[in-house]
Amino acid sequence: MSIPEIALKPYSRAWLLSDRPASRQQARLGRAYIIWRRFAENRLALVGLGILILLLVVAALADVLAPYDPVVGDLRNARLLPPGTAGYLLGTDDQGRDILSRLIYGSRLTLLVVVLVAIIAAPIGLIVGTASGYAGGWLDAVLMRITDIFLAFPKLVLALALVAALGPGIENAILAIAVTSWPPYARIARAETLTFRNSEFIAAVKLMGASPLRIIIRHVMPLCLSSLIVRVTLDMAGIILTAAGLGFLGLGAQPPLPEWGAMIASGRRFILDQWWVAAMPGVAILVVSLGFNLLGDGLRDALDPKEAGQ
Amino acid sequence: MTNGQTPLLTVEDLRVTFPTRTGEVRAVRGVSFTLGKERLGIVGESGSGKSQTGRAIMGLTPAHASITARKLAFSGRDLLSMRKAERRALRGKRIAMILQDPKYSLNPVMTIGRQIVETLKTHEDVSTSEARTRALSMLEAVQIRDPERVFGLYPHEVSGGMGQRAMIAMMLVCGPELLIADEPTSALDVTVQLEVLSILDKLVAERGMGLILISHDLRLVSSFCNRVIVMYAGKIVEELPSADLAHAQHPYTRGLLNCLPTIGSHRHPLPVLDRKPEWAL
Amino acid sequence: MTLTDTTVATRRNRRRASSFAASVLRFAVTVVTTIFGLLLVTFFIGRVVPIDPVLAIVGDRAPAHLYERTRIELGLNLPLYQQFWIYSKQALSGDLGTSVLTSNPVLEDIKRVFPATMELATIGTLIGAILGIPLGVLAAVKRGSVADQIVRVIGLIGYSVPIFWLGLLALVLFYAQLRWVAFPGRVDIVYEYSFSPQTGFYLLDAAMQGQWDVVGDLFRHIALPGALLGYFSLAYISRMTRSFMLNELSQEYIVAARAKGLSEARIIWFHALRNAAVPLVTVIALSYANLLEGSVLTETIFSWPGLGLYITNSLQNADMNAVLGGTLVIGSVFVGINIFSDLLYRTLDPRTRSR
């Protein structure tokens, strides 16, 4: 005896929360909606999301938003002006460049670093982890030993040595950070894979004749994604800080690029008298990495309620 | 039963409510009973509020829950109006509790001996050597053959049955007057269950304690206790002497009794517990 | 300074280790392969350097035969695996090459500067543990309260702030404005001659020699970088302590401890914290390792003559022997700290000691 189906208005709240979804899409959207509601309950996580949306908007509209050119300054009239000087909200640096404009353009570099590292490191970790967890045996042993070796390295020092070898520059910095970032992702993906490697649904797919490659790509990887996304988001702050650190040591983005870490380095010389030159980029770094941390915390609580509070 | 004296425990209209995101969950809804130096069984399925009743008497309800009662008194002293420190002094000294699974309810990084000694030292001003002697004799009382050895073992190094005996020793070492045993044997192997129960039986009889045995197992409770309370959805649906169990009136109690298979009778289909919404009203 | 909890998680699972012999063997394999991996990685980084090591020695105007002879002397004509073999043998016997910058053997340079870094990291970890553990416990016990939120925000900022930037601002405030601390460096030039350190741990040396004026000066130098690293350590340790304590406080043995009539203070600080201490040991060790790494940036700000400053100076002068030697040493110290924390873990958790 089935309860008569009440036709629910598509995309309404009740439709989303229905425990009898009529289509795959409805089920997916319903799940997403529940996760979103859990996420949105956490006010700090929303602040984090807001910061990141702001970062995206600023980076996209840098040309419109920035009042001045980020690279060429007004050497004659505008050197080392304090914040609040007419027209220069955050002051200017030693080359007469508007700090606000440099920060706005710098957001693009920050985004570039974060996105590229994620695009390089996360898939490597995902592939190594799922292959290792699914195959088991010697492949697992070898891949995990390699992962452990990379985990044993201090990340920043390894990145430093890599950049020293490859030559300074933002591309090499990104590469170096990516090389040092993937091992934890591999660990996580492997752990997730192990939890459902022997489950019924994998056995069912196997019986239907799916190849290991198809099983890994279509069935295992999607299930690893949520914990991987949380971890990558939480790592973003660390990535930004490492990139800024490399920039500060002169190994990341090269002048005149408005990279925030490098801006702090160039402001260091005037720190005692013109503090704002070094202080402003630091605030930008702090705010953005705080945003990623808040977002990551919120995502973890929403996607994995049993880990909440950890 | 109370013989005109103050009963050991009086519970009148006890209510335990948990606030949750989706509203209040009323775990215990108006439970009343009195207890002398006797054995009372509380039976019900999981979620019936039997464990929360026991914890409310102990004062172990989580801080965010609210407890109300018209009366909750232990040998004439009101438990709810008592200061926290007074209540704490009662716990372990005059009212004790045995938990379900010794694997989780013993501190994994302390030896069994230290955990027993700790109870003693919390409530009594005893010297270390005296505490040790009493802990050892308590281990002997729970029929542990080699108390000296077990005294120095960590919880993970002993079996479940041994662990539960250690738990009983830890809780009874101060000689409490009331013992609440919350599913004391459910986590143990069937063969060990009876051993642990007989130890408990003997100690309760020798020391003249009042006992509340909380369990989902109606047969076990009725063979062990003088009286049985049957709980459903936070309420008492029936209270009767164990001897009269066969004449239970309430259909829920009858349902619980009928769940058990008996040798020699074929039953098809297997009976399913009937749960009428009006019982929960 | 990225902090991984992966090690903590793995170690927790390792509680159910099979037999002692098997775990010793697994342990040995881990150490050996990790060291091998460290050597392999540093070797390959050394090979991809665009700087030609031969030209660096003979100069660009050297005749072809001289160039060729030097190349053979350096072993660069051999196949890669032989070069790696030679490199490993040398590195394991302590020969990390010669620093171009100081023209000393790299290992000697590192021996000289490493105590300074260790001193700084020790002070930082001490601050982090002494403040971070109580804060984490407080946050867990008062979960959801204002105190919990404050500890959370302190921690999150610690995770998010660039250490070199905070260091610069702290210098402006505490040195330039308030004059509370000394000029960057490790010891005042006044004491450079009157004070002769022996172990390399200046605070210890000066205290043992009874030179209290030197101790005071050293303290004024280490206070700021030490506090800074301490803050980062605190952020990490308090966060992990909170999470471990929440886990312990939800266990049944806590209910049992309450049923025994123990005071809340004893339950929290003795029962729960004693259990949380087991994974916390790993966290503190990891935090120490992270501070060794964090010293790279901190030392450049505070002109602290340690390994971090040595590596960055060498980097700026393309002194690859020194950079790779430093990387190898920090990597080995990481491995050592891991071994140490593993041993400590075993002594703290009776479950890892089988009967």
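Q: In this predicted model, which term is needed for two side chains such as those of C:Lys260 and B:Glu118 that meet, N to O, at 2.8 Å?
A: The definition asks for a side-chain nitrogen of Lys or Arg within 4 Å of a carboxyl oxygen of Asp or Glu. The side chains of C:Lys260 and B:Glu118 meet at 2.8 Å, N to O, so the cut-off of 4 Å is met. The term for this pair is a salt bridge.

Q: Where do C:Lys260 and B:Glu118 sit, and which chains does the pair cross between?
A: C:Lys260 is in the loop between α11 (252-259) and α12 of chain C, while B:Glu118 is in helix α4 of chain B. C:Lys260 is buried, with a relative accessible area of 1%, and B:Glu118 is buried as well, with a relative accessible area of 5%. The pair therefore joins two buried residues, and the chains it crosses between are C and B.

Q: Why is helix α4 of chain B described as largely enclosed, and what covers its buried residues?
A: Nine of the 12 residues of this helix (residues 112-123) are buried, so the rest of the structure largely encloses it. Among the buried residues are B:Ile112, B:Val117, B:Glu118 and B:His123. The cover includes, from chain B, α2 (84-90), α5 (128-141), α6 (147-151) and α7 (160-172), together with α12 (264-302) of chain C.

Q: Which parts of chain B does the salt bridge between B:Glu38 and B:Arg227 link, and how many residues apart are they?
A: The closest N and O atoms of B:Glu38 and B:Arg227 are 2.8 Å apart, and both residues are buried. B:Glu38 lies in the loop between β2 (23-35) and β3 (39-43) of chain B, whereas B:Arg227 lies in strand β10 (residues 227-232). The pair thus links distant parts of the chain, 189 residues apart.

Q: What separation along helix α10 of chain A lies between A:Asp235 and A:Arg231, counted in helical turns?
A: These two residues form a salt bridge in which the closest N and O atoms are 3.3 Å apart. A:Asp235 counts as buried at 5% relative accessibility, and A:Arg231 counts as buried at 11%. An α-helix has 3.6 residues a turn, so residues three or four places apart point the same way. Because A:Asp235 and A:Arg231 are four residues apart in the helix, their separation is about one helical turn.

Q: How many salt bridges cross the interface of chain A and chain C, and which network includes A:Asp297?
A: The rule finds two salt bridges across this interface, and the side chains of C:Arg152 and A:Asp297 meet in a salt bridge at 3.7 Å, N to O. A:Asp297 also belongs to a network of salt bridges. The count across the interface is two, and the network links A:Asp297, A:Arg300, C:Arg152 and C:Arg239.

Q: Which helix supplies the largest share of the side of chain A that touches chain C?
A: In all, 48 residues of chain A are in contact with 53 residues of chain C, and the two chains bury about 4,500 Å² between them, 71% of it on carbon and sulfur atoms. There are 11 residue pairs in polar contact between these chains (both at pLDDT 80 or more). The residues on the chain A side divide into 33 nonpolar, eight polar and seven charged. The largest share, 12 residues, comes from α12(A).

Note on methods:
Residues numbered from 1 in each chain as written. Chains lettered and ligands numbered in written order. Predicted model: local features only at pLDDT ≥ 70, side-chain atom pairs only at ≥ 80, totals over all residues. Heavy atoms only, no water. Contact = heavy atoms within 4.5 Å. Buried area = accessible area lost by both parts, 1.4 Å probe. Polar contact = N/O pair within 3.5 Å; in protein donor to acceptor, adjacent residues only side chain to side chain. Nonpolar A, V, L, I, M, F, W, Y, C, P; charged D, E, K, R; others polar. Buried < 20%, exposed > 50% of the residue type's maximum accessible area, 1.4 Å probe, protein only.
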